[in-house]
Amino acid sequence: MPIKLNQLRAFVEISRYGSIRAASRSLSLSQPALTKSVRELEDSLGAKLFIRSNQGIHLTECGQSFLLRASLILEELRIAQEDIQQRIGLLGGVINIGVAGCIVRTIMPKIITQFHRNYPTVKLRIVEGQLLAMLPQLRQGELDFSVNTYYPENTDADLSFERLMEKEYKVIVRKGHPKQHATSLEELSDCNWTMPTPKGTYYRSLFERLSLMEKPPVFSVTCETLMSCMSLVAKSDFVTIVAVDLADDVLFHQQFVALDLKEQLPLAMFCLIRRKDTNLTPAGEHLARLFRMYCRD
């Protein structure tokens, strides 16, 4: 039996919510209609996609494998439709991007303002955070691209990495911190340190470099976002490391001090990261060009 788009939508939405009731609200369809669509899909594939229990609905091994492809099919169809609409002058659609925290707080407002002037009817969804958390969304087509730091991995052959810029990073503490006049990392070795997750990002290369010290810092708290790191540092004696251009912000100087240490930290390489096997819509390409222009300037 041929697979229908409504069956794929039912399957993906149920997978996303883990509930037929929630998926039915999302799609504005009845629960029996969704159940029927999934059963027809399972019959077409000859495999069970869900395990139903008192604890809810869970994907089988086949369901987990099929979800990646089903999500990609629906996202590629959406992009294809928006591509045609934008080419014939019917501007609209949605662009989904992932952006590192330091980009969000520095150049991104200028980029989004200019983009919105050019494409006022195109909606934007912006996910802030580390690349590691965005990789599943990139691979499933839920993010069009990400601008983030990157640490090379052997499993990333399906992604392209376009270098945009390098950034300097500095150690920061709150104003009034006992070590706010420190001039070396050695003086800070007995402090409590916090850092965003080091997996798959600049922070991994930074972590590896610091671990070579005679008395390396102990990162006792790992935060998943830059905001949570800086919030902790602002209200405690924790120490962290951030991009140097954050220190140029007026609000930064009200709460933080960037230390002038004798050790030079490694530079962070920021890349535009996307799947190799897909093309952006005209609006998506325009947004990517703006990131290239502002980053390289």
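I84, I88 and L90 form a nonpolar surface patch of about 320 Å². The structure described here is a predicted model. Of the patch residues, L90 sits in the loop that runs between α4 (61–87) and β3 (94–99). L90 has a relative accessibility of 53% and therefore counts as exposed, the cut-off for exposed being over 50%.

**Overall layout**

The assignment divides the protein into domain 1 (3–69), domain 2 (90–164 + 268–293) and domain 3 (168–265). Domain 2 is thus listed in two segments, 90–164 and 268–293. Between the C-alpha centres of domain 1 and domain 3 the distance is 45 Å. Along the principal axes, the C-alpha atoms occupy a box of roughly 70 × 50 × 35 Å. The secondary structure consists of eleven helices and twelve strands.

The protein has 297 residues, and 48% of them are buried. Its accessible surface is about 15,500 Å², with 53% of that area belonging to carbon and sulfur atoms. Among contacts with a separation of 6 or more, 74% are between residues 24 or more positions apart.

**Aromatic pairs**

How many aromatic pairs does the protein contain? The count is eleven. One of them joins Y169 and Y202, whose ring centres are 4.4 Å apart with planes at 40°, so this pair is tilted. Y169 belongs to strand β7 (residues 169–174) and Y202 to helix α8 (residues 202–210), so the pair ties together parts that are 33 residues apart in sequence. Are these two tyrosines buried or exposed? Y169 is buried, at a relative accessible area of 5%, and Y202 is buried as well, at 3%.

F252 and F256 make another pair: their ring centres are 5.3 Å apart and their planes meet at 35°, so this pair is also tilted. The tilted class covers plane angles that are neither under 30 degrees nor over 60. Both F252 and F256 are buried. The two pairs are set out below.

| Ring pair | Distance between centres | Angle between planes |
|---|---|---|
| Y169 and Y202 | 4.4 Å | 40° |
| F252 and F256 | 5.3 Å | 35° |

Elsewhere, ring pairs connect F11, F50 and F66 into a cluster.

**Buried and exposed side chains**

Y169, at 5% relative accessible area, is buried, whereas L90, at 53% relative accessibility, is exposed. L90 contributes to the nonpolar surface patch together with I84 and I88. Y202, at 3%, is buried too, as are F252 and F256.

Methods
Residues are numbered from 1 along each chain as its sequence is written. This is a predicted model: local features need pLDDT of at least 70, side-chain atom pairs count only at pLDDT 80 or more; totals for chains, interfaces and linings use all residues. Side-chain values use heavy atoms; hydrogens and water are left out. Patches are made of residues with over 30% relative accessible area and no salt bridge: like charges are joined within 9 Å, nonpolar side chains (Val, Leu, Ile, Met, Phe, Trp, Tyr) within 5 Å. Accessible areas come from the Shrake-Rupley method with a 1.4 Å probe; for residues, only the protein chains shown count as cover. A salt bridge is a side-chain nitrogen of Lys or Arg within 4 Å of a carboxyl oxygen of Asp or Glu. Helices (H or I, at least four residues) and strands (E, at least two) are DSSP runs, numbered from the N terminus. Buried means under 20% relative accessible area, exposed over 50%, partly exposed in between (1.4 Å probe, protein chains only). Domain bounds come from an automatic or database domain assignment. Contact means heavy atoms within 4.5 Å. Rings of Phe, Tyr and Trp (its six-membered ring) pair if their centres lie within 6.5 Å; planes under 30 degrees apart count as stacked, over 60 as edge-to-face and the rest as tilted.
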